[in-house]
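Biologist: I'm new to this one. Can you put it up and walk me through it?

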Amino acid sequence: MAAASRRRGFSLPAAACLVVVLLRCLSASAEPLPQYYNAIFSFGDSFSDTGNFVIINSGKLPNMPKFPPPYARCSNGRLVIDFLAEAFGLPLLPPSANKGTNFSQGANFAVMGATALDLKYFRDNNVWSIPPFNTSMNVQLQWFDEVKQTICSDPQECRAFFSKSLFVFGEFGGNDYSFAWKAEWPLDKVKTMVPAVVASLVRGVERLLDEGARHVVVPGNLPAGCIPITLTMYPSEDRSEYDPRTGCLKKYNSVALYHNAMLRIALDRLQRRRPEARLVYADYYTPYIQFARTPHLYGGGTRAGRSVLDRQPATGGGGVGVGHSQGEGLKESDGSAPDRGYGRWCRGDAQSGVWAGNIGVIESSSPTSRGPGRVLARHWHSLWYKRGALRACCGGGGPYNYNMSASCGLPGSTTCEDPDAHVSWDGIHLTEAPYRFIANTWLKGPYAHPPLATVVREDMVD
């Protein structure tokens with residue numbers, strides 16, 4: 001039964017995709033999810049960070065009234081990890097850097113800019129567009145060891161506790177590849193990183209399993225070639241470099257697809273070695289590609305388009321089971337950069353003085369310094385960015401509303417009236433609406449393999 005559930009979602013024909021989405025949106029059940037987990041522990045980068053970056057590196061917090069300190073986020077609202085916590089009846093995860101917090105119901109170790117590989121790898125390979133602090137995957141696992149000592153007192157007690165906890169391990173890898181792109185590595189060289197990144201992720205998951213974890217969600221990468229900052233930083237005069245169905249840059253997405261394919265193979269092998277565990281591959285890539293392909297369904301400035309994305313979780317923490325068939329395979333990457341060191345990407349951080357950097361450093365402070373390619377893209381690319389699928393809500397102008405001199409929160413930037421009609425919040429991260437949509441599809445399918453609700457219910461039966 002478990003093997004069958006892992007294969008679900010691949011058999012639907014493409015023509016059935018829209019029907020599945022609309023039917024599930026119209027008839028989604030409010031059936032609550034079982035209150036199964038005693039805690040959630042999250043690792044990753046800025047797509048999961050709920051305050052660690054600003055605590056560790058500045059002591060200042062963005063002005064985000066929805067989330068009292070230290071719950072800072074690079075979005076206009078909740079992230080996937082927030083919706084998962086709500087769905088299972090648990091409080092929002094406190095950032096692990098907030099010392100003195102009670103972590104008995106979970107902790108979030110994710111930090112903006114975190115990498116799967118240690119910083120030594122980048123220094124050894126002459127990649128210097130990296131943050132001046134070490135928050136890599138292995139560092140986050142060390143923080144987990146420290147927090148563990150405040151939760152349980154002996155190995156047997158810890159294993160029993162973690163066996164009833166949910167672990168969300170990632171997204172990792174997007175920043176690793178982004179740093180390499182900034183160092184002007186060619187495509188073939190960037191792809192040589194993928195086996196090392198995936199191997200590092202698998203070692204991290206195994207480390208959690210050795211601690212007693214049984215349910216581990218491992219997200220893949222996002223399509224970096226669809227993210228406004230990538231489209232702005234690396235425009236091309238060659239139209240063939242863009243996907244005609246989405247407007248995304250194919251080269252950057254190809255690395256994400258390769259990463260996701262390798263990750264799924266590695267997780268399948270690990271699952272066979274560790275049959276006592278339930279490993280869930282969580283897909284960011286496919287839903288983001290669907291947003292770009294059919295913006296009229298998912299947003300893009302129309303109220304009708306918001307009907308799919310802008311769904312409140314059902315009462316009782318159940319969420320909404322929105323679905324799609326598997327469109328393009330696997331997941332994504334990051335894509336990014338700011339000027340003068342780190343761009344300010346968190347909402348309101350121009351006032352707080354927080355410098356946030358998800359991807360690294362670029363030398364130019366001019367948004368037009370990369371030549372006429374962006375001007376060319378501005379014309380024939382208008383079909384996509386005008387719809388909002390590839391255009392940031394909060395930014396400083398340009399075809400994708402990302403301007404490195406006026407990033408979200410900096411003077412000169414503005415915020416759209418309806419963030420939920422946009423996929424991208426600040427040119428790098430997502431708005432709350434797509435995070436909600438993705439979380440629901442991880443809970444009930446089809447963008448998690450197997451869906452979390454299936455894992456929980458099968459485990460309760462066993």
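Modeller: Let's start with one cysteine pair. Both Cys394 and Cys408 are buried, meaning under 20% relative accessible area; exposed is over 50%, and partly exposed is in between (1.4 Å probe, protein chains only).

Biologist: What kind of model is this?

Modeller: This is a predicted model: local features need pLDDT of at least 70, side-chain atom pairs count only at pLDDT 80 or more, and totals for chains, interfaces and linings use all residues. Residues are numbered from 1 along each chain as its sequence is written, and side-chain values use heavy atoms, with hydrogens and water left out.

Biologist: Back to that pair. What joins Cys394 to Cys408?

Modeller: A disulfide, with S to S at 2.1 Å. The term means a pair of cysteine sulfur atoms within 2.5 Å. This link is right-handed, with 95° about the S-S bond. Cys394 sits in strand β6, and Cys408 in the loop between β6 and β7, 14 residues apart. Helices (H or I, at least four residues) and strands (E, at least two) are DSSP runs, numbered from the N terminus.

Biologist: How many disulfides does the structure hold?

Modeller: Four. One of them joins Cys393 and Cys416, with sulfur atoms 2.0 Å apart. The link of Cys393 and Cys416 is left-handed, at -100° about the S-S bond. Cys393 is in the loop between α18 (382–385) and β6 (394–395), while Cys416 is in the loop between β7 (414–415) and α19 (432–444). The two are 23 residues apart, so distant parts of the chain are linked.

Biologist: Are Cys393 and Cys416 buried or exposed?

Modeller: Cys393 counts as buried, at 3% relative accessibility. Cys416 counts as buried too, at 19%.

Biologist: And what about Cys226? Which residue is it joined to?

Modeller: Cys248, through a disulfide with S to S at 2.0 Å. That pair ties together parts 22 residues apart in sequence, because Cys226 lies in the loop between β4 (215–219) and α11 (228–233) and Cys248 in the loop between α11 and α12 (250–273). Cys226 and Cys248 are both buried. Their link is right-handed, with 110° about the S-S bond.

Biologist: New topic: sheets. What is the order of the six strands in the open sheet?

Modeller: β2-β1-β3-β4-β5-β8, with mixed pairing. Two strands pair if DSSP finds at least two bridges between them.

Biologist: Which strands stand at the edges?

Modeller: β2 (106–108) and β8 (448–449). Each has a single partner strand, so one side of each is left without a neighbour in the sheet.

Biologist: How many bridges join β1 to β2?

Modeller: Three, and the strands run parallel; β1 covers residues 39–43. Take Ser42: its bridge partner in β2 is Asn108.

Biologist: Which strands does α12 touch?

Modeller: α12 packs on the sheet, touching β4, β5 (278–282) and β8. Contact means heavy atoms within 4.5 Å. The direction of α12 makes about 170° with that of β5. Axes are lines fitted to C-alpha atoms, for helices over the stretch in contact, and angles run from 0 to 180 degrees between N-to-C directions.

Biologist: Now α4. How many of its eight residues are buried?

Modeller: Seven, so helix α4 (residues 80–87) is largely enclosed by the rest of the structure. Among the buried ones are Val80, Phe83 and Ala87. The buried residues of α4 pack against β1, β2, β3 (165–169), α19 and α20 (452–461).

Biologist: What follows α4?

Modeller: Gly89, whose phi is positive, near 70°.
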